[in-house]
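Open the model in your viewer and keep the selection tool at hand. This tour tells you what to pick next and what is there.

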Amino acid sequence: MPQTRLAIIVLAAGKGTRMQSDLPKVMHKLAERPMLRHVLDACERLDPWRIVVVVGTDMPSVEAFAKPHPVAIQHEQRGTGHAVAAAQPAFEGESFDDVLVVYGDTPLITSETLARMVRERRITGAAAVVLGMRVDAENAYGRLVLDGHGNLVEIVEAAEATPQQLAITLCNSGVMAIDGSMLFDLVGRLSADNAKGEYYLTDVVALACQEGGLARVVEAGVEELVGVNSRADQAIAEAILQRRLRAAAMAGGATLIDPDTVYLCADTIIGRDVVIGPNVVIGPGVTLQDRVEIKAFCHIDGAIIRAGAIIGPFARLRPGADVGEDAHIGNFVELKNTKFGRGAKANHLSYLGDAEIGEKANIGAGTITCNYDGFFKYRTVIGAGAFIGTNTSLVAPITLGDGAMTAAGSVVTTDVAPDATAIGRAPQIDKPGHAARFRETKRRAKAAAARTLEE
Ligand code: UD1
Ligand code: MG
């Protein structure tokens, strides 16, 4: 097959007024990543010759985010057709065979569907292929009008549709594959003589058909094509995406005990025979290796959990946490920027930050690394096989050697040698009989106070 060039134009210049936000719409997140990233992911998987992102004038965050893809600026938002025209300078002097127009606010589109559209256009030689979806309920999507042969003849926006057209359940998702040699010619001839006074990209279909061109529809499920125009739509899209991520995790060999309560990220890496309990939230940058168990109510982000480790319930792993093989992190333990050795245990109530914990060390309940003085952060290093007594405060910077111990309740401020024990607490004083005398004195005082009240 001769080399063909695929260009993709991502429309992201709309202000997204209905989001009621200072943030451009496409920067709003699903599964912790901006919608635009989801769309770019699907586009990049096709390995196209070029992706151009159309942004508005006051959207530096979108421009920065689109990199390394070139950006075209649409100075005024005068419709989807106008937005495509704004991308033309980014293709000056170039020719390409197919162009996909994808909307930044349709974030759940998959690369498989995009590839299907390009294939359909190449096989049929259609001027345009539109991605349609079946929507039975009342909606504001454009309607796809077909002829008797099932070919598309025009797209009518809901605002302009006749009652008969509004009854059509085949709707426009917005995504289109267009013959690259015709695109800018068609777009240049659009008119804004319509209900919204905008240049509708959708009108290229009627234009192409009037000139004897063919337009086709490829269908996909509405779950993939949901458009996000409001916070309510965003929540709907998030729910769909989470279902997809959970299904992928389970297909990959993970058990999710109550899948609907587990939140994953698009970049979560999950191995085989991983078990995730109910109510677990996983943020960006997390890897769960094989046989890891995450018990209920954990919140994990930016962390790697190595094979066979057991986490939770109620553990908090923050960025830079690296939990070694077969290690245990128990209830109410927080790790940040800490390498936690293979087989080590911190089973209860601890904060370990900016630390390195050796293999098979045992971190007692209530151990705290005092890593911050209000200005700088300091490291704590704990050797292999060390035993940190309950309620130890480790004032960093500090190093405890292999096999070192600390006595319960110690505040440890200087380094501890290997196999040494540090006791850093006030010595205990025992006073024989004191408790009994104390109680007797107090009992008498209370009885005297009661008599005074009666008098
Ligand atoms: C559009 C379609 C409609 C379809 C629906 C699917 C047109 C005329 N209508 O309507 O048939 O059912 O999408 O979701 O195309 N944008 C720009 N510049 C602009 C205007 C829009 O970049 O001047 C971008 C937006 O950022 C958004 C996308 O284009 O990513 C779609 O724009 P939007 O205003 O949401 O179009 P809809 O009214 O939803
Ligand atoms: Mg929209």
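The stops below run from the ligand to the pockets and then to the backbone.

**Before you start**

Keep in mind that this is a predicted model.

**Stop 1: ligand 1**

Select ligand 1 and show the residues around it. There are 23 of them. Which come nearest? Look for Gly14, Gln74, Thr80, Glu157 and Asn172.

Now turn to the backbone. Pick glycine 14 first. One of its backbone N or O atoms lies 2.8 Å from an oxygen atom of ligand 1. Go on to glycine 79, where a backbone N or O atom lies 2.9 Å from an oxygen atom of the ligand. Glycine 142 also has a backbone N or O atom 2.9 Å from an oxygen atom of ligand 1. Add a surface to the protein here. On its own, ligand 1 has 760 Å² of accessible area, and the protein covers 89% of that.

Colour the shell by residue class. How many residues of the shell around ligand 1 are nonpolar, polar and charged? The shell has seven nonpolar, 11 polar and five charged residues. Then colour by element. Helix α3, residues 80-86, supplies at least two residues of this shell. Strand β10, residues 170-179, likewise supplies at least two.

**Stop 2: the largest pocket**

Hide ligand 1 and look at the space that the ligand takes. That space is the largest pocket. Its volume is about 1,400 Å³. The lining counts 42 residues. Select Arg18, Lys25, Asp105, Lys196 and Asn229, which are the closest to the pocket's centre.

Which elements give two or more residues to the lining of the largest pocket? They are α3, β10, α8 (222-225) and α9 (231-251). So far α3 and β10 are familiar from the ligand shell. By class, this lining has 16 nonpolar, 17 polar and nine charged residues.

**Stop 3: the second largest pocket**

Move to the second largest pocket. It holds about 420 Å³ of space. Of its 21 lining residues, select Arg45, Leu241, Arg244, Leu245 and Ala266, the closest to the centre.

Show the helices next. The elements giving two or more residues to this lining are α1 (35-44), α4 (111-124) and α9. Which of them gives the largest share? That is α9, with five residues. Helix α9 also gives two or more residues to the lining of the largest pocket. Colour the second lining by class: 12 residues are nonpolar, four polar and five charged.

**Stop 4: two cis peptide bonds**

Leave the pockets and show the backbone as sticks. Zoom to lysine 67 and proline 68. The peptide bond that joins them is cis, with omega about 10°. Proline 68 sits in the loop between α2 (60-66) and β5 (71-73).

Now jump to glycine 312 and proline 313. The bond from glycine 312 to proline 313 is cis too, and omega is near 0°. Proline 313 belongs to the loop between β20 (310-311) and β21 (316-317).

**Stop 5: alanine 31**

Finish at alanine 31. Where is it? Look in the loop between β2 (29-30) and β3 (33-34). What is its phi? Phi of alanine 31 is near 45°, a positive value in a residue other than glycine.

Definitions and conventions. Residues are numbered from 1 along each chain as its sequence is written. Chains are lettered from A and ligands numbered from 1 in the order in which they are written. This is a predicted model: local features need pLDDT of at least 70, side-chain atom pairs count only at pLDDT 80 or more; totals for chains, interfaces and linings use all residues. Side-chain values use heavy atoms; hydrogens and water are left out. A residue is near a molecule or strand if one of its heavy atoms lies within 4 Å of it. A polar contact is a pair of N or O atoms within 3.5 Å; within protein, one must be able to donate a hydrogen and the other to accept it, and residues adjacent in sequence count only if both atoms are side-chain atoms. Accessible areas come from the Shrake-Rupley method with a 1.4 Å probe; for residues, only the protein chains shown count as cover. On a 1 Å grid over the protein atoms alone, a cavity is a set of points where a 1.4 Å probe fits but cannot get out, and a pocket is an open set with protein on both sides within 12 Å along at least five of seven lines; lining residues have an atom within 4 Å of a point. A molecule sits in a cavity or pocket if more than half of its atoms lie within 2 Å of its grid points. Helices (H or I, at least four residues) and strands (E, at least two) are DSSP runs, numbered from the N terminus. Ala, Val, Leu, Ile, Met, Phe, Trp, Tyr, Cys and Pro count as nonpolar, Asp, Glu, Lys and Arg as charged, and the others, Gly among them, as polar. Grid points are joined across faces, edges and corners, and a volume is the space filled by probe spheres set on the points.
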